[in-house]
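Please open the structure in your viewer and keep the sequence at hand, since this tour moves from one selection to the next.

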Amino acid sequence: SQSACNNSFDHEEAKSGSGSGIELCIPHVAAWRHAIYLKGRYTKARRDVSQTPFYVPCDENEKDKGNGNGDANENKNSNTKDEPNSSTTKDLGNSRLKKLGITSIEEEITPIVSSIACGGISKQNNECKKDGNWRSANVVYGMTKFHASGREDMNVRMVLPMDAFEAEKESIQTSKGVQKTGSGRPFVLEILDAMNMPEPCNLKKTVHEINRVTSDSDIASFGISEGTGDWVEEPERKHVQYGKNPKGVGISGLTICSSSSFKQLQNETEDKVKFYGCLCWSEKAFANQKSLEDMLVKGESMYPLEIKQSTPLRVLHRRSAAVRVRHVLSMVPYRINDHYFRLSMSTSAGTYVKEFCHGDCGRTSPSVSSLLGCKTDILELDC
């Protein structure tokens, strides 16, 4: 259903009763569709894609760039209108903001879901200004909202390990031909005022379009991380991702769900065990694999390792100051050369992994830096 009323007469004239002295009551009738919820999981194979549109203030030299139309979006769960703005700068009052990253996960998913799965979103219930421009309205009812279970930083990839490939294949296409969700990051779409109820065939088309594939058998695919990275020479590594979208965003298991799935997202975030892969540098040189292991893996009795984390300096401007107790459940180092190594680890939910690696000026204790007894930094992170 969509709105059934478009008033074509002059409200001011009607209110005044055309000079008759009689005030008329103007009825307004509207119909809308209840929210539709879709759930799925995503992977992100690039380090220049944010989860939602991410804008930061421009410096003085950049204020004359871009067309500056639209409103700024914060880097948090947000709403996407049907026609996403592709500009790299936007105005916010007297300030100009610039967009970071080539795109966002939200921008790669929501417009395609709105158009293919739902046949479009009604704008008839949006508040329009006198010029009829719904984009400048204060109230926008018809939209698609993107909500995810947690988030990764823009320069962090969300990919799956190689041993997940067969399980992903099985979960995407079972023997009964029923699509299920796999092990990417869960998300829920809240769709308001959709033109059509999503049909299974259109949901499949939507998944294929987002993933840039033509069949379900191509949804779970391999990606390659080049060995000649920005930091150190090492053998190329493979990972599992959804689809072949050149912008790195893929999804799996897009299905209709209840509103309770949205409420469960936060609980799922807090209860899960998290797995990470880190590329690290240490000031101290380690001549062989054993010397590195001796410093970081001091027997099975060391884990789970309890750590205390003060709110990281990088998020202190938007998070309350507190000391949080977290646990590192396992950690396996792989030496690349004297100063570079990779860490595979699992942690309790809510652990600040970057800070666990470099110590955050002593605000996380213990840390990889304190365990090694030297300055340590994290260069890349995959989750």
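Is cysteine 361 buried or exposed? The model you are looking at is predicted, and in it cysteine 361 has a relative accessible area of 74%, which means that this residue is exposed, because exposed begins over 50%.

While cysteine 361 is still selected, follow the chain to either side, and you will see that this residue lies in the loop between α7 (353-358) and β18. Look also at the backbone of cysteine 361, where phi is near 60°, a positive value in a residue other than glycine.

Next, select aspartate 193, which sits in the loop between β10 (185-192) and α4 (200-211). The phi of aspartate 193 is likewise positive, near 60°, although the residue is not a glycine. Aspartate 193 has a relative accessibility of 0% and therefore counts as buried, since buried means under 20% relative accessible area.

From there, turn to the peptide bonds, and select serine 365 together with proline 366, which are joined by a cis peptide bond with omega at about -10°. Proline 366 belongs to the loop between β18 (364-365) and α8 (368-372).

For the last stop, select tyrosine 303 and proline 304, and display the backbone between them: the peptide bond from tyrosine 303 to proline 304 is cis, and its omega is near 5°. The place to look for proline 304 is the loop that runs between α6 (289-296) and β15 (305-310).

Methods:
Residues are numbered from 1 along each chain as its sequence is written. This is a predicted model: local features need pLDDT of at least 70, side-chain atom pairs count only at pLDDT 80 or more; totals for chains, interfaces and linings use all residues. Side-chain values use heavy atoms; hydrogens and water are left out. Helices (H or I, at least four residues) and strands (E, at least two) are DSSP runs, numbered from the N terminus. Buried means under 20% relative accessible area, exposed over 50%, partly exposed in between (1.4 Å probe, protein chains only).
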